[in-house]
Amino acid sequence: MSTFLESQNWRYATKRFDATKKISDADLNTLKEAVRLSASSYGLQPYKVVIVENPELREQLKAVAWGQTQITDASHLFIFANDVNLDAGSVDKYIANISETRGVPAEALGGFSDMMKGQIASLAADAKNTWTAKQTYIALGNLLGAAAELKIDATPMEGFNAASFNEILGFDKLGLNAAVIATVGYRHDEDDAQHYKKVRKSQEELFITL
């Protein structure tokens, strides 16, 4: 079995974290880089990733996440916040980044820029925000995979009040929306869930080859 598959079999949605164990700066940087390198539509990355360490702030967030202890006990809390009402300005910044990174004149990227702007402009506000929110899940997947390889536990979570998160974190003023979160740290020795057998569909049931 590949080391990647071994890591995937090792990981699980941790229910109880050991609050005394913290992720090292080096490992945290690796997780951040894994998220940064995630795929996204057009490579646009229409989101921000907010990492919350402040214990008082995390207590406030736990209160609007049904009191789930992972919010406060995990080493770090990752919040994937999608851009709300993405506009042409974001495309211009991306094009400038491509131009600088690859040494390509911005004018040569005009067709790509116009195509992206046209696609974004064609979407109604709700559809646009749904699309940007979906992009955060790709980045979340990279976080989960990278954490498992480092033998760091990570739990993806949708059980929270997004509107309250937005208010507490000031996302409304930043044009952001809390789409999905992940608690990251180390499992508690007494977390019974770590001993459960992983339950997944078989390949025969899951895959269809045409």
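This short talk walks through one predicted model, beginning with its sheet and moving outward to the helices and a few single residues.

Before we begin, please keep in mind that the model is predicted, that local features need pLDDT of at least 70, that side-chain atom pairs count only at pLDDT 80 or more, and that totals for chains, interfaces and linings use all residues. Residues are numbered from 1 along each chain as its sequence is written, and side-chain values use heavy atoms, with hydrogens and water left out.

Let me start with the sheet. Helices here are DSSP runs of H or I with at least four residues, strands are runs of E with at least two, and both are numbered from the N terminus. Four strands form an open sheet in the order β1-β2-β4-β3, with antiparallel pairing, where two strands count as paired if DSSP finds at least two bridges between them. The edge strands, each pairing on one side only, are β1 (47–52) and β3 (153–157). On average, neighbouring strands of this sheet are turned by 25° against each other, direction ignored. As general background, strands of a sheet pair through backbone hydrogen bonds, either parallel or antiparallel.

We can now go along the sheet pair by pair. β1 and β2 run antiparallel and are joined by six bridges; V49 has F80 as its bridge partner in β2, and I51 stands opposite F78 in β2. Moving on, β2 and β4 pair in the antiparallel sense over eight bridges, and here F80 appears again, with V180 as its bridge partner in β4, while L77 has T183 as its partner in β4. Finally, five bridges join β3 to β4, which run antiparallel, and M157 stands opposite I181 in β4.

How many residues of β2 are buried? Eight of its eight residues are, so to put it in words, β2 is mostly covered, where buried means under 20% relative accessible area, exposed means over 50%, and partly exposed lies in between, using a 1.4 Å probe and protein chains only. In β4, nine of the 10 residues are buried, so this strand is largely enclosed by the rest of the structure.

Next come the helices that meet the sheet. Helix α2 (residues 25–36) lies across β1, β2 and β4, running at about 20° to β2; axes are lines fitted to C-alpha atoms, for helices over the stretch in contact, and angles run from 0 to 180 degrees between N-to-C directions. Helix α8 also packs on the sheet, touching β2 and β4, and its direction makes about 90° with that of β4.

It is worth staying with α8 (residues 162–169), in which S164, F165, N166 and L169 are buried. These buried residues pack against α3 (55–63), β2 (76–83), α9 (171–174) and β4 (176–185), contact meaning heavy atoms within 4.5 Å. At the start of α8, a side-chain oxygen of N161 reaches to within 3.1 Å of the backbone nitrogen of A163, and α8 is followed by G170, whose phi is positive, near 70°.

Now for a pair of helices. The axes of α5 (residues 88–102) and α6 (residues 110–121) come within 10 Å and cross at roughly 155°. The two helices are therefore roughly antiparallel to each other, since angles over 145 degrees count as roughly antiparallel, under 35 as roughly parallel, 65 to 115 as roughly perpendicular and the rest as oblique. The contact is made by A88, V91, D92, Y94, I95 and I98 of α5 and by F112, S113, M116, K117 and I120 of α6.

I will finish with three single residues. T132 lies in helix α7 (residues 125–149) and is buried, with a relative accessible area of 0%. Which side chain does the side chain of T132 meet in a polar contact? The partner is the side chain of N82, at 3.0 Å, a polar contact being a pair of N or O atoms within 3.5 Å in which, within protein, one must be able to donate a hydrogen and the other to accept it, and residues adjacent in sequence count only if both atoms are side-chain atoms. S40 sits in the loop between α2 and β1 and is buried at 13% relative accessible area, and its side chain reaches the backbone nitrogen of Q45 at 3.0 Å. L5, in helix α1 (residues 3–10), is partly exposed at 44%; L5 and E149 are 144 residues apart in sequence and 9.5 Å apart in space, C-alpha to C-alpha.
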